[in-house]
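Q: Please take a close look at one part of this structure, the strand β15 and what surrounds it, and then place that part in the wider chain. I am new to this model and would welcome a connected account.

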Amino acid sequence: EAEGEKFEFQAEVSRLMDIIINSLYKTKEIFLRELISNASDALDKIRFMAIGDASALETKPDLELRIQANKDKNTLVIRDTGVGMDRNDMVNNLGTVAKSGTANFVDALAEGQDLSLIGQFGVGFYSIYLVADKVRVASKKNGAEQYVWESTADGVFTVVKDPRGDTLGRGTEITLYLKDGAKEFAKTDVLEGLVKRYSEFISFPIYLEKSYKEEVEVPVEEEEVESGTTEGDEDEEEEYEEVEVSDDVKTKKETITKTVWERVNTNVAIWSRPSSEITDEEYSNFYNAFTKDTVAPQSWIHFKAEGEMEFKSILYIPGEAPSDLYDTYYTKTAQLRLYVKKVLISDEFEELLPRYMNFIRGVVDSDDLPLNVSRETLQQHKLLKVMAKKLTRKVLEMLRRLASKGHTSEPDEAEEEEEDEEEGETKKVVDNEKYIKFWETFGKSIKLGVVEDMVNRAKLVKLLRFRSSLEGNNWTSLEGYLSRAKDWQKSIYYLAGESMEAVQKSPFVEKFKSKGLEVLFLVDSIDEYCIQQIPEFEGKKLQSISKEGLKFGDEDEKTVKSREKHYKEAFASLVEYLKILFKGKIKEVAISHRIESAPSVIVTGRYGHSANMERIMRTQSI
Ligand code: ADP
Ligand code: MG
């Protein structure tokens, strides 16, 4: 058969393959995770396509994955009945079209990043060259002919019509010719452990071909004919030994190698299981499996919603924030994996959580949504609003619990439908350290929530944390602040500034310190904008100490009046002089009792923007 058409790998892809094939990376087995994940994606795709056109499955009704090793030939074959690839798909997806992740991953590797991150960069396929020096991919897509892609990772690959014809029906078959250092991956027992591990959360059956040696007695015929066992398996061992069993029938003992396909995974989805039976490790592994994130999640909540609509969900807070989380804030809304009747509709379904919760990852599974409508129609569905509301509440509940108890999930508590909150929960002013970790990773999202989510603002405000003049580098909530406040104190005081050094040294703060009053420090650029959405908290006004008209609340009106009068007279000429000196630059010069040792301060008008706000509006960042 023809040599096939030759293609050059796109330059970045070629570089990546070079790195991988020469890599001394020890954990080579990750290639199996990547192949299983690709097969699972392909199976998800055909199942989704079958919603609109049930005949799509006719070419191969069973949706499954099969793994078959050959110890003598040192090959490993992975076959799926997924969507498959036609000739063009192969050329594009497996070599000539570089994804943005390709170069990024090469850079990440150069910076010492772990090779196992490969799946996150969208180039997981090439991890096969950790264990193979030659790879053949045969694939059959509905309505197309079966093609074969092949490469020895030497910069080129070939694509040719499969000389065997259509052997697959539908799907993809990947044959790895194992390298010398990777022969263990042709051993069934080695594979079994790995496949079990990597297929734990795959929702399609995965079969592994296992072989058993078995001694059987077979009749001996007059002319010795080799008795066939499993057809096509030319490598099986056969031993013959003649035995007499009866006078009439001659039999012989024969050791045959029987092969059986064994299912290695159970596919009860983790979110369908009762939470009391799921370990933290399982939750954590599931998160890593579907997100491809290698860092463990900080927390999660697993619940079943009942009532107006039924669905199951597990929502996670990732361990780390993606570096571009706030750069892409306005273009990216929360993306959850949405299953409807076990069919994966989308692994990035938007509109289920508000934008400020776009850091949340998770799965949502509902039998109540219609399957046979387009994704667009589904987005309009009124039940989605019900889901979104519930999911948002659950995220807030998870955060509240994280702060008060630092725990993750609680068996079955999630079933309750109660309109939550604090009842029975004693107010905690000291946060669990897990919440502090959350705050330092995703706190900005909560502040954005205060600005954007009027409905849940009261709950979000309780999740806010600030540094303060009394707490130093510790974080305090508004509740914590009030627990330390003077009983005569009418306001919650804050000062916004560029940095902790700047606010700590600010002359505005001195007077407060001397009175033993706490000042919240707002040093994140969004802080002040956020706090302006909260006119008061538990009856106390939130008050900037850099604006005019500030009252402490402990002054005796009469003394203050007479002192003011005295100072006004004594400094009348200085005030006049300053007004002339700064004419046009300032609005007013006034005698103040707000400062201690600094001779003067510049304040902003009661209704104007603060100096800090001006600075932020100039840079227009969030
Ligand atoms: P990713 O899975 O992140 O897209 P990969 O490098 O793992 O990146 O795979 C590249 C592409 O090759 C996939 O997006 C898919 O189009 C195609 N592909 C790989 N394996 C299969 C498969 N088993 N069936 C169908 N297409 C596949
Ligand atoms: Mg992949």
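A: What follows begins with the chain as a whole, turns to the strand in question, and then moves outward to other parts of the model.

The model is a predicted one, and its chain holds 17 helices and 21 strands. Of the 622 residues in the chain, 33% are buried. Taking contacts between residues at least 6 apart in sequence, 73% of them join residues that are at least 24 apart.

Strand β15 covers residues 361-366, and because five of its six residues are buried, the strand is largely enclosed by the rest of the structure. It pairs with β12 in the antiparallel sense, over six bridges, and with strand β13, residues 336-340, in the parallel sense, over four bridges. Asp365 of β15 appears in both pairings: it is the bridge partner of Lys312, and it is also the bridge partner of Tyr339. As general background, strands of a sheet pair through backbone hydrogen bonds, and they may do so in the parallel or the antiparallel sense.

Following β13 onward leads to Lys341, which lies in the loop between β13 and β14, the latter being residues 343-349. Lys341 has a positive phi of about 50°, although it is not a glycine. Its surroundings contain 13 C-beta neighbours inside 10 Å, and Lys341 therefore counts as partly exposed.

Following β12 instead leads to helix α9, since β12 (311-317) is among the elements that cover the buried residues of that helix. Others in that covering include α8 (382-404), α10 (457-463), β17 (472-476) and α14 (527-531). Helix α9 itself runs over residues 433-452, has 20 residues, and reaches 27 Å from its first C-alpha to its last, close to the 28 Å expected at 1.5 Å a residue. The helix bends by about 75° at Phe442, and Phe442 is also one of its buried residues, as are, among others, Tyr435, Trp439, Lys444 and Val450.

Strand β17, named above as part of the cover over α9, belongs to an open sheet of six strands, arranged in the order β17-β16-β19-β18-β21-β20 with mixed pairing. β17 and β20 (536-537) stand at the edges of this sheet, and because each has a single partner strand, one side of each is left without a neighbour in the sheet. Within the sheet, strand β16, residues 466-468, and strand β19, residues 519-522, run antiparallel and are joined by two bridges, with Ser468 standing opposite Leu520 in β19. The loop between β20 and β21 (540-544) is the place of Glu538, a residue that has a positive phi of about 45° although it is not a glycine. Glu538 has 9 other C-beta atoms within 10 Å and is therefore exposed.

Another residue worth locating is Ile301, which is found in strand β11, residues 299-305. Ile301 has 25 C-beta neighbours inside 10 Å and so counts as buried. Although Ile301 and Glu397 are 96 residues apart in sequence, their C-alpha atoms are 8.7 Å apart in space.

Elsewhere in the chain, strand β2, residues 65-70, and strand β3, residues 75-80, run antiparallel and are joined by six bridges. These two strands form a hairpin with four residues between them, in which Asn74 takes a positive phi near 55°. β2 also pairs in the parallel sense with strand β8, residues 206-219, over three bridges. Leu65 has a place in both pairings, standing opposite Asp80 in β3 and opposite Ile206 in β8.

The last part to consider is ligand 1, which is surrounded by 17 residues, the closest being Asn38, Ala42, Asn93, Gly124 and Phe125. The elements that give two or more residues to this shell are α2 (30-52) and α3 (87-96), and α2 provides the largest share, five residues. By residue type, the shell around ligand 1 divides into seven nonpolar, seven polar and three charged residues.

To return to the part you asked about, β15 is largely enclosed because five of its six residues are buried, and its partners are β12 in the antiparallel sense and β13 in the parallel sense.

Notes: Residues are numbered from 1 along each chain as its sequence is written. Chains are lettered from A and ligands numbered from 1 in the order in which they are written. This is a predicted model: local features need pLDDT of at least 70, side-chain atom pairs count only at pLDDT 80 or more; totals for chains, interfaces and linings use all residues. A residue is near a molecule or strand if its C-beta atom, placed from the backbone, lies within 6 Å of it. Ala, Val, Leu, Ile, Met, Phe, Trp, Tyr, Cys and Pro count as nonpolar, Asp, Glu, Lys and Arg as charged, and the others, Gly among them, as polar. The expected span of a helix is 1.5 Å times one less than its number of residues. The bend at a residue is the angle between axes fitted to the seven residues ending there and the seven starting there. A residue is buried if 20 or more other C-beta atoms lie within 10 Å of its own, exposed if 12 or fewer, and partly exposed in between; C-beta atoms are placed from the backbone. Two residues are in contact if their C-beta atoms, placed from the backbone, lie within 7 Å. Two strands pair if DSSP finds at least two bridges between them.
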